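User: I would like to learn how to read the features of a structure such as this one. Could you take me through them, giving the general idea before each case?

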Amino acid sequence: MSTPVPRLGESAGLRFTSLPPLSLYVHLPWCVRKCPYCDFNSYEARGELPDLQYVDALLRDLRGELPFAQDREIETIFLGGGTPSLFSGAAIRRLLDGLRAEAALAADVEITLEANPGAVDAERFAAFRAAGVNRLSIGIQSFRDAQLRALGRVHDSAEAEAAVATARAAGFTNFNLDLMYALPGDDAAGAVADLERAIALAPAHISWYQLTLEPNTAFERRPPALPEDDLVARIEEQGRALLAAHGYERYEISAYAQAGRRCRHNSNYWQFADYLGIGAGAHGKVTLPTAGEIARRAKTRNPRTYLQRAGSAEATSEERVTRPGQAALEFLMNALRLIDGTTVETFEARTGQAASGLEPGRTAAVARGWLSAKPGRLRATPAGIEKLNRVLELFA
Ligand SMILES: C[S@@+](CC[C@H](N)C(=O)[O-])C[C@H]1O[C@@H](n2cnc3c(N)ncnc32)[C@H](O)[C@@H]1O
Ligand code: SF4
């Protein structure tokens, strides 16, 4: 007889029969200057960056996290920020050599590094590549100088283009460009022109984000005039058509990729897989089959405090997800962002519960036309993707 799996809402813990794939997120918190729209845990770098010292702190932090790997290989690594491209080639080498020495990395590990066009240098990019970075994510935002100024960026459009040329010259063929739309003073022609310039550079991947006003940012305190909803809808319609026409498939709300070039790291998040998080303010999520729980671990946010305390218990806080309802909601918050959604089996494996517990939320969402009725799949319809928060409320 098989073990009964608890239904959603019961507090019998989570029953996992397997562990999901494992990723590693590494947070590097410094930037040349803080952008007025940004709520990431990032800080203006003053004076010389303590990059080598920070790498030592990261490796201490890693040692504390490795038991949570539970004998899995790390399949993807993401060096995010902040502006990781401010770190020296020697620091990134020390970090990746340290990771290889301490942890088991998959033979085809994807290693992404985030770069800002205002912090790019040919020698350093070559050193990142030689150290093992095999994917770059470049924060272009816009190719229009007026928009870049309005966003408080440290680079202009010529430097944005030059960053891509530098990446190519250093041997990177797999790179993403971040662009934002619905910017101050934006119109459809300008937003589409940004995409055209990006496409002309033939990146493997484009992340196309709507600018949002985030709490505790300069833009929240003094909001710029942003486009109205109907203009935003027109920008999206034209932009998505252009991306599709050039072979960039939309596979998540804001992510577009050439065939075979999806970001494996972010796909792992959206599939509710596991990840270790190291660095100031980094978050991790790990499945614990024996406890029947999911651990959410977070590191102290302040870089100076982190430098002193990394690897100690005081630098880490932990919460446990024990209720099936909470695990189910967290899963759906991620997986329904994917244009193709996910399978019922993935839901059951990653949340440790039977998918039958998703009723009646699922029936209600299907009736409203927000979820596909196809058996075996959990997929938001285009209408559902547009109002994901309302879809999720049906499962809360
Ligand atoms: C950590 S940053 C990327 C790397 C680097 N720090 C940079 O800005 O060039 C990640 C990306 O999130 C996007 N982003 C940040 N804040 C945003 C906001 N308020 N609204 C929409 N997208 C945002 C930007 O496209 C940015 O490139
Ligand atoms: S450079 Fe990137 S991480 Fe740094 S403040 Fe600007 S958007 Fe945020």
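User: Which residues does N116 touch, leaving aside those up to four places away in sequence?

Analyst: A contact means heavy atoms within 4.5 Å. By that criterion, and not counting residues up to four places away in sequence, N116 touches T83, S85, R153, V154 and H155. Please keep in mind that this is a predicted model, in which local features need pLDDT of at least 70 and side-chain atom pairs count only at pLDDT 80 or more, whereas totals for chains, interfaces and linings use all residues. Residues are numbered from 1 along each chain as its sequence is written, chains are lettered from A and ligands numbered from 1 in the order in which they are written, and side-chain values use heavy atoms, with hydrogens and water left out.

User: Is N116 buried or exposed, and where in the chain does it lie?

Analyst: Burial is read from relative accessible area: buried means under 20%, exposed over 50%, and partly exposed in between, with a 1.4 Å probe and protein chains only. N116 has a relative accessible area of 11% and is therefore buried. As for its place, helices (H or I, at least four residues) and strands (E, at least two) are DSSP runs, numbered from the N terminus, and N116 lies in the loop between β5 (105-115) and α3.

User: Which residues are around ligand 2, and how many of them fall in each class?

Analyst: A residue is taken as near a molecule or strand if one of its heavy atoms lies within 4 Å of it. For ligand 2 these residues are C31, R33, K34, C35, Y37, C38, S42, G82, T83, N116 and R153. To sort them, Ala, Val, Leu, Ile, Met, Phe, Trp, Tyr, Cys and Pro count as nonpolar, Asp, Glu, Lys and Arg as charged, and the others, Gly among them, as polar; the shell then has 4 nonpolar, 4 polar and 3 charged residues.

User: What should I notice about the peptide bonds next to G82 and P360?

Analyst: The angle to read here is omega. G81 and G82 are joined by a cis peptide bond, with omega about 15°, and G82 sits in the loop between β4 (74-81) and α2 (89-102). The bond from E359 to P360 is also cis, with omega near 5°, and P360 belongs to the loop between α12 (344-351) and α13 (361-367).

User: What is the sign of phi at Q141 and at A202?

Analyst: Phi is positive at Q141, about 75°, although this residue is not a glycine; Q141 lies in strand β6 and is buried, with a relative accessible area of 8%. A202, likewise not a glycine, has a positive phi of about 50°. A202 is found in the loop between α6 (188-200) and β8, and at a relative accessible area of 40% it is partly exposed.

User: How many residues of strand β7 are buried, and with which strands does β7 pair?

Analyst: Two strands pair if DSSP finds at least two bridges between them. In β7 (residues 175-181), 7 of the 7 residues are buried, so the strand is largely enclosed by the rest of the structure. F175, L177, L179 and Y181 point one way, while N176, D178 and M180 point the other way. Strand β6 (residues 135-141) pairs with β7 in the parallel sense over 5 bridges, with S137 opposite N176. Strand β8 (residues 205-210) runs parallel to β7 and is joined to it by 6 bridges, with Y209 opposite M180.

User: What does strand β11 look like when read in the manner of β7?

Analyst: Strand β11 (residues 274-279) is mostly covered, since 6 of its 6 residues are buried. D274, L276 and I278 point one way from this strand, and Y275, G277 and G279 the other way. Strand β1 (residues 22-28) pairs with β11 in the parallel sense over 6 bridges, and L24 stands opposite L276.

User: How many helices and strands are there in the chain, and why can the chain be called as compact as a globular protein of its length?

Analyst: The chain has 15 helices and 16 strands. Its radius of gyration is 21 Å, close to the 21 Å that the globule rule gives for 396 residues, so the chain is as compact as a globular protein of that length. That radius is taken over C-alpha atoms, and the rule is 2.2 Å times the number of residues to the power 0.38. Buried residues make up 54% of the 396 residues, and among contacts between residues at least 6 apart in sequence, 74% join residues at least 24 apart.
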